[in-house]
Each structure stands twice: as structure tokens, then as C-alpha cells.
Amino acid sequence: MSVRGAPVRRPTAPRPPVRVAWLTTIPGPTDPLPDQVQQFLDWLRIQKNRPPTTVRAYRQDIAKFVAFMRTRPLGSEFCAAINRGALRRYQIELADVLPHPRTRARALVAVRRFLAYAYDEGWTEHELSRQVVVPTFTVGDPHPVATHLVPKLLAALPHESMRDLRDRALINLLITTGCRISEALALNRTELRPDGFRVLGKGGKHRTVYCTADSYAAIEQYLAARGPDASDAVFISVSNADMPKGRVLPGNRLTTDGARRALTALRHRFAADPTLYALIDGLRTPHAARHTAATTLLEATDGDVRLVQEVLGHATLETLRVYTEITDKRKRAAYERLGDYLKEQ
């Protein structure tokens, strides 16, 4: 029922996706970057001794800024064309490309760090890093796979094809070790050990991680089916484009985007069976496997947060607070069910 005289609201068409001109021209991993940007990346790698994964993340984020700046008049030096107006416009267009504030914040932090370095080097007349405003965001609670579903999920993973064996081995590794996806994908075959192996984490810090016997067996089964080839990586891309005529090239290594797509494809396969999909529903991203490892290990060790901190490679115990809250909620829910059960007897 409408009120007389009140304006009638009509449904509006959904807003079409915004396409920015530079989105398809972002430099790839092997494409050249401006000399000043490359000097900054070399400074991170050599002077600051940042690990390759960190330098690669900075490169990917600054590459977006390079693509944007190339749509504007550039002088002989890349930084000479950067000004307040360009930075303001870039932040507006980046919000259309990366609508999630957390992802956008990381990309802008990289640009801000580059601008601070450029000012120190005398490439810019003004200190422009303050013109880059990093959006605030609320960190949501992780949504791990429920602990009692983890064994069923690992047992239900398919293992018919090479792709299935790879995905099964990767998920087993992530859930049982708590590795970040970048740490797992950086592993080489010669580094794997059944009694534990080292991974390179954030800040260039190494730590030792351990697989369960079943998870290590899943990795061995995948590597045995793959056989000897030219790639040192544990996890490789099995797409036709990356394996011409079925041949593994020396530089073949699964990327984080490739891992996300593989997990999405696996979820689509499970969607046909509601019972199977209920097992994998919580595994929406590779990082959810790390959350699952944290909560599962907390419950298996009766809340030994110090041990879980060492396994996951967290700098402080405060980071684990959200996981302990999740396990506490599950325990309270279990006791509530126990109370209801006793009342019914």
C-alpha cells in the first residue's frame, strides 16, 4: 500500500561494472617497469633484505599505479608526472578496481612507501606520500571449517586426475601445517621432509612446519604421479597453457591466483552434492585453510596458544585472540547442548 502524495520508488537497474582505461594494461611479472620503480624494488630486495614474496607483492601493487600513470602525460622521469591531482584520481579509480577496502589498503600502502622513497631520493619536489589515504576497515572474524568436519573433508577430496592429486596435496598441506598460501607455493621438492621442513614467512623469517603422516602421503602420491620434470616447485600449474603438449617447463609454479581458482573449481564440483558441499563450504579461500589449522590445533592441544603461535609464525599472541574466542564459543555451545541433554533424561 502506498501513501497518497508520497513519491513512488521504482526499482533501479543494477549499476554496471566500472571499467577503467588502465585495467588491461597493468604490467605483468616479466614486463619492464620504469627505472625509478625498479630502483625502489631493488632497494627493498637488497638494502632492506625483504624476502622475494614481499618484493613480488610490492611489484604487483605498484604495477597498478604504473598502468594508471601511463594514461597521463609522462616526462623523461616517471616521478616527475606525479602530483596531488594524479594521486587523488588514482585513489578514486582504484576504488572501482579494488572495492574491498582491505585489498585496496595494501595496494595504497605500497604506493605510499614508494613515494616516501622517491622523496628521499630527490625524485619528487614535495613529500607526496601523505596524499595517499589508506582506507580504514574492520577485520572480520575468520570462518574456518568446523573441526569435526576436517577429517571428512580431507577424505572426500577427489584424486582421479593430476589436478585432483595436486589440489588434494595442497589442501592437506595448508590445513595440517597452517602455512600461508604464499609459503606453500614457494616450496621446492627438495625441501620437503617427512620429519618437518622450513618455510620462509613474513619479514624474511624462517620456521619449521610439520605435516601429518596422511598429509605427507598425499603430497608423495601427487609427486609420484607427476614424476620427474623440469620444475623444482612442489605445486605447479597443470593448465594446457602452462604445460604445452603435457611438458612441464622449468619456470612452472602455481600462483596464488591459480590456487584460488583451483579451490573455486573444486567447490563447484562439490556443489552437486549437498552433503559434500557442507564439508567444503567453509573453505572459501586458501587462507581459510590457515584459519582452520589454527582452530583445529587449538582444540587438539587444549588451547596451547604459545604452540599455535609458533606453528603459524605469528609475531604476537594477540593475533590468536580471535581463534581462542571461536574455540571458546564452540565449547560453550557444547556445554549448552549437554545441559539440554541432561534435562531431557
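## Ground rules

Two residues are in contact when heavy atoms of theirs lie within 4.5 Å. What you see is a predicted model, where local features need pLDDT of at least 70 and side-chain atom pairs count only at pLDDT 80 or more, while totals for chains, interfaces and linings use all residues. Numbering runs from 1 along each chain as its sequence is written, and side-chain values use heavy atoms, with hydrogens and water left out.

## The chain as a whole

The protein chain has 13 helices and 2 strands. These are DSSP runs numbered from the N terminus: H or I of at least four residues for helices, E of at least two for strands. Of its 345 residues, 40% are buried (under 20% relative accessible area with a 1.4 Å probe, counting protein chains only; exposed is over 50%, and partly exposed is in between).

Take the contacts with a separation of 6 or more: 60% of them join residues 24 or more positions apart. About 20,400 Å² of the chain is exposed, and carbon and sulfur atoms supply 53% of that (Shrake-Rupley method, 1.4 Å probe).

## A buried asparagine

Now for a loop. Asparagine 252 sits between α8 (213–226) and α9 (256–270), and it's buried, with a relative accessible area of 6%. Leaving out residues up to four places away in sequence, Asparagine 252 touches Ser231, Ala233, Ile236, Ser237, Asp242 and Met243.

Just along the chain, α9 has 15 residues, which at 1.5 Å a residue should span 21 Å; its end C-alpha atoms are 21 Å apart, so the two agree (the expected span is 1.5 Å times one less than the number of residues). Buried residues in α9 include Gly258, Ala262, Leu266 and Phe270.

## Two nonpolar cores

A nonpolar core is a set of buried Ala, Val, Leu, Ile, Met, Phe, Trp, Tyr and Cys residues joined through side-chain atoms within 4.5 Å. The largest one here has 45 residues, and Leu153, Leu170, Phe235 and Leu283 have the most contacts inside it. Among the elements supplying at least two residues each are α5 (150–156), β1 (197–200) and α9, but α6 gives the most, with 7.

Leucine 283 has contacts that include Val145, Leu153, Ile171 and Leu263, not counting neighbours within four places in sequence. A second, separate core of 35 residues includes Phe40, Val66, Phe78 and Ala81.

## A helix crossing

Helices α1 (residues 35–47) and α4 (residues 101–120) pack with their axes 10 Å apart, at an angle of about 100°. That makes α1 and α4 roughly perpendicular (65 to 115 degrees). Here Gln36, Val37, Gln39, Phe40 and Trp43 in α1 meet Arg113, Phe114 and Tyr117 in α4.

Notes: Axes fitted to C-alpha atoms, helices over the stretch in contact; angles between N-to-C directions. Parallel < 35°, antiparallel > 145°, perpendicular 65-115°, else oblique.
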